[in-house]
Amino acid sequence: MGHLDEQRAPLEREAKPPSAATIRLVITDDHAIVLKGLQALFGAEPDLAVVADCTTGEQTIEAARKHRPDVLVLDLRMRGLDGLAVLRILNEQGICPQTVLLTAEIDDEQTLEAVRLGAAAVVLKEMAPHFLVECIRKVHAGERWVERQSVGRALDALLRRETGLQDLRKVLTNRELDIVRMIVLGLRNAEIARRLSVSEGTVKTHLHHLYEKLGVDSRMGLLLLAQRKGLK
């Protein structure tokens, strides 16, 4: 299958009326047939609007910087800058749209790296089109979507741990995260204080802040929440 011309600029799309389109998309794929298929698929949905379509990583970065889309639908495997390289650069520039990685195949290492870079979803191109549309809506709502067919069973726990850490990093300081990890290990306040070179009173103060931030009211509640996030 031939690739599209790498030199063309990102194609700007005429926006739907605001009342009809709530999720603004930038889409990227270096295969013409796939890109046209995505345009047709999303164009048929009243709540989706493609604001730009791209064929290269460079164009994607430009379009994401200009449009600040709600969701970026990004091909993983492209010539030049691939999907993961695009995510790294966008992260460095402080541009972090919710991202759906679309791919024909992906290995465990790539999946974990995608999650670490903030990708909210990994979808295989073999999936039925309506799954991709549903995925975009869920990602826009703040959920995550990783097709289990795209990852090995041994990676599931690592993925849960990585996504759980990302959720916690949004609300906790590094010191508070350290304390959560030690709580999960079963350490008592005195041992936590010794490892952090602080007083037990300081540890208790941190725990109080943790309870408030995470909406739990006890050490057991904190432990259970951490375990649900995969921190075991």
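## Exercises on a predicted model

The axes of helix H7 (residues 174-184) and helix H8 cross at roughly 135° and come within 11 Å. Keep in mind that this is a predicted model. Let's start with that pair.

**Exercise 1.** Work out whether H7 is oblique or roughly perpendicular to H8.

*Solution.* Start with the angle, which is roughly 135°. Next, recall the cut-offs: 65 to 115 degrees counts as roughly perpendicular, and over 145 as roughly antiparallel. The angle falls in neither range, so H7 is oblique to H8. As for handedness, H7 passes H8 in a right-handed crossing.

**Exercise 2.** Find which residues of H7 and H8 meet, then sort them by class.

*Solution.* On the H7 side, look for Arg175, Ile179, Met182 and Ile183. Their partners in H8 are Ile192, Arg195 and Leu196. Sorted by class, this contact has five nonpolar, no polar and two charged residues.

Now check burial along H7. Its buried residues are Glu176, Leu177, Ile179, Val180, Met182, Ile183 and Val184. Put the two lists together: Ile179, Met182 and Ile183 meet H8 and are also buried. Just past the helix, H7 is followed by Gly186, which has a positive phi, near 90°.

**Exercise 3.** Move on to H8 and H9: how do they pack, and which residues meet?

*Solution.* First, locate the helices: H8 covers residues 189-196 and H9 covers residues 200-214. Their axes lie 8 Å apart, at an angle of about 105°. That angle falls within 65 to 115 degrees, so H8 is roughly perpendicular to H9.

Then go through the contact. H8 brings Asn189, Ala190, Ile192 and Ala193, while H9 brings Glu200, Val203, Lys204 and Leu207. By class, that gives five nonpolar, one polar and two charged residues. Spot Ile192 here: this H8 residue meets H9, and it meets H7 as well.

**Exercise 4.** Describe strand S6 and its pairing with S5.

*Solution.* Begin with the side chains of S6 (residues 121-124). Ala121 and Val123 point one way, Val122 and Leu124 point the other way, and all are buried. Now turn to S5 (residues 98-103), which runs parallel to S6 and is joined to it by four bridges. To find your place in the pair, look at Leu101, which stands opposite Val122 in S6.

**Exercise 5.** Step back: what does the protein chain contain, and how much is buried?

*Solution.* The chain has 10 helices and seven strands. Of its 232 residues, 47% are buried. Finally, consider contacts with a separation of 6 or more: residues 24 or more positions apart account for 69% of them.

Conventions
Residues are numbered from 1 along each chain as its sequence is written. This is a predicted model: local features need pLDDT of at least 70, side-chain atom pairs count only at pLDDT 80 or more; totals for chains, interfaces and linings use all residues. Side-chain values use heavy atoms; hydrogens and water are left out. Axes are lines fitted to C-alpha atoms, for helices over the stretch in contact, and angles run from 0 to 180 degrees between N-to-C directions. Angles under 35 degrees count as roughly parallel, over 145 as roughly antiparallel, 65 to 115 as roughly perpendicular and the rest as oblique. Contact means heavy atoms within 4.5 Å. Ala, Val, Leu, Ile, Met, Phe, Trp, Tyr, Cys and Pro count as nonpolar, Asp, Glu, Lys and Arg as charged, and the others, Gly among them, as polar. A crossing is left-handed if the near helix is turned anticlockwise from the far one by less than a right angle, and right-handed if clockwise. Buried means under 20% relative accessible area, exposed over 50%, partly exposed in between (1.4 Å probe, protein chains only). Two strands pair if DSSP finds at least two bridges between them.
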